[in-house]
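The following exercises are to be worked with the sequence and the coordinates at hand. Each task is followed by a solution in steps.

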2 protein chains.
Amino acid sequence: MAQTAPARSTGNGRTGREAYDLSAVLNIAVAAFNDHGYEATSMGVLAQRLGTSKSAIYYHVSGKEDLLRLALDRALSELELVLTRDGATQGPADDRLRFVLRGAVDVLVKDLPYVTLLLRLRGNTEVERQALARRRDFDRAVAALVDEARADGTLRADIDARTTTRLLFGMINSIVEWYRPGGPITPERLADDVISVAFDGLATSR
Amino acid sequence: MAQTAPARSTGNGRTGREAYDLSAVLNIAVAAFNDHGYEATSMGVLAQRLGTSKSAIYYHVSGKEDLLRLALDRALSELELVLTRDGATQGPADDRLRFVLRGAVDVLVKDLPYVTLLLRLRGNTEVERQALARRRDFDRAVAALVDEARADGTLRADIDARTTTRLLFGMINSIVEWYRPGGPITPERLADDVISVAFDGLATSR
DNA sequence: TGTTCTACTTACTGGTCGTTCAGTAGACTA
DNA sequence: TAGTCTACTGAACGACCAGTAAGTAGAACA
């Protein structure tokens, strides 16, 4: 939503200078965190990328960890929202699973840098651990759908349910490492392909 | 191969103290890099984990980047070796693809921390960029097998070849994020499951 | 015109970073 | 016994780290 360039603020002091809002600061911070890793990204390079001074950032956020917390909350909120929609709560389990997977791909594409940051967490601080816990809850909800679909006989049961879920997420989450919006593949096509490969495999139809 | 604990060296000075060899230093460095990220891992915590001083590490390696280079070379050499074996060069394309994927899973499991480090690279230094280039060459070789199998009609051609390869690697590479050797799933079973899901999908057989 | 508010600025603090260097304990060799 | 080698130790280096303190330009409001 927000751009890389400073956003024009409504009640801005200083004439020639355009003010940054929180959203613009967050976007640039998340990009930098993804480039170098959160811990290795200094407030100094963040300020450089914003074209301001280090201390200017502290006007918008209380510190480096606050930036991380805000960014992760955005990614997690979007993912959790998918689970609350009708398609995720009504109908056969395998349809609900497909709906959630498609929703996850949509969120991945829409908030790519934010989800990328989330998926690269290692859990070294309290903020990271709390985000990982929320992510695990999301994973568990999908794992429950996998279990249901297995019980219904629509998903193969010869492979361990945990392994199934993890391979599924492995495939979906890898999207953040290579997909770039605006390329030849539309988000809709991407979601179709992911679901098709996941359910029917790569071998030619028998 | 080497352990976390100091290895007894042959021509060691100092009585009560056991010497570290390069392999032991590398193992601990790779573990630390995976925990915190390469850039964010200080030589100080490395020394702490080794139970020595910072400067002792410089006896074994020329610097922090040297540790990274050695670790990445190990992971890449193992992966590249798979492509040279008979199973990867002889027979139908889809069999060769299966052989390489199985080999990649084996390497992932055998050298898990080293491959984990490789898969988390962002390309911020020259060492990282060179390693990423070697990894891309490996990926390209597998992509060529995918192309061949598609031409043979053994792999579905309705999905873009690049996307196919990337989803395939996404699934396989995710293994480093959750698989831990010694658990309930044997490496052989893991490789079977991965290949089965990749080729036949998760839906019950039609 | 004077006050208040926003959105910064420059200058700084104590601490940590990767790396270097000079020195040395103990085993081995001549 | 003297000299050489391995495998370190501890102190120090300048650069950079996250965060703070104090000041201020300009717009809005009274």
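Two residues are in contact when heavy atoms of theirs lie within 4.5 Å. The model treated here is predicted.

**Exercise 1. Determine which residues B:Ser174 touches, leaving out those up to four places away in sequence.**

Solution. Begin with the location: B:Ser174 sits in the loop of chain B between α9 (161-173) and α10 (175-178). Next, apply the contact criterion of 4.5 Å. With residues up to four places away in sequence set aside, B:Ser174 touches A:Arg166, A:Gly170 and B:Phe169. Finally, consider accessibility: the relative accessible area of B:Ser174 is 10%, and the residue is therefore buried, the cut-off being under 20%.

**Exercise 2. Find the operation that lays chain A on chain B.**

Solution. In general, two copies of a chain are related by a rotation about an axis and a shift along it. Here the superposition takes a turn of 180° and a shift of 0.0 Å along the axis, with an RMSD of 0.1 Å. The two copies are thus related as by a two-fold rotation axis. The same surface serves both copies, since 100% of the contact residues of chain A recur in chain B. To place the axis, look for the residue of chain A that comes closest to it: this is A:Gly201, whose C-alpha lies at 1.8 Å.

**Exercise 3. Describe the secondary structure and overall dimensions of chain A.**

Solution. Count the elements: chain A has 11 helices and 0 strands. From the N terminus on, the order is α-α-α-α-α-α-α-α-α-α-α. The C-alpha trace spans about 65 × 35 × 30 Å along its principal axes. Of the 206 residues in chain A, 47% are buried. Among contacts of chain A with a separation of 6 or more, 60% are between residues 24 or more positions apart. The accessible surface of the chain comes to about 9900 Å², and carbon and sulfur atoms account for 51% of that surface. Lastly, chain A has 27 positive and 28 negative charges, and their mean positions are 5 Å apart.

**Exercise 4. Test the end-to-end distances of α6(A) and α4(B) against the expected helix spans.**

Solution. Take helix α6 of chain A (residues 93-110) at the start. Its 18 residues, at 1.5 Å a residue, should span 26 Å, and the end C-alpha atoms are 25 Å apart, which agrees. Buried residues of α6(A) include A:Leu97, A:Val100, A:Leu101, A:Ala104 and A:Leu108. Then take helix α4 of chain B (residues 64-84): 21 residues should span 30 Å, and the end C-alpha atoms are 31 Å apart, again in agreement. Among the buried residues of α4(B) are B:Leu68, B:Ala71, B:Leu72, B:Ala75, B:Leu76 and B:Leu79. In general, an α-helix has 3.6 residues a turn, so residues three or four places apart point the same way.

**Exercise 5. Is A:Leu112 buried or exposed, and which residues is it in contact with beyond four places in sequence?**

Solution. A:Leu112 belongs to helix α7 (residues 112-119) of chain A. Its relative accessible area is 9%, so A:Leu112 is buried. Neighbours within four places in sequence aside, A:Leu112 is in contact with A:Val107, A:Val176, A:Tyr179, A:Arg180 and A:Pro181. As for A:Asp137, 25 residues away along the chain, its C-alpha atom is separated from that of A:Leu112 by 20 Å.

Methods: Residues numbered from 1 in each chain as written. Chains lettered and ligands numbered in written order. Predicted model: local features only at pLDDT ≥ 70, side-chain atom pairs only at ≥ 80, totals over all residues. Heavy atoms only, no water. Helix = DSSP H or I, 4+ residues; strand = E, 2+ residues; numbered from the N terminus. Expected span 1.5 Å × (residues − 1). Buried < 20%, exposed > 50% of the residue type's maximum accessible area, 1.4 Å probe, protein only. Least-squares fit on C-alpha atoms with pLDDT ≥ 70 in both. Areas by Shrake-Rupley, 256 points an atom, 1.4 Å probe, with all protein chains shown as cover. Lys, Arg positive; Asp, Glu negative; His and termini not counted. Charge placed at Lys NZ, Arg CZ, Asp CG, Glu CD.
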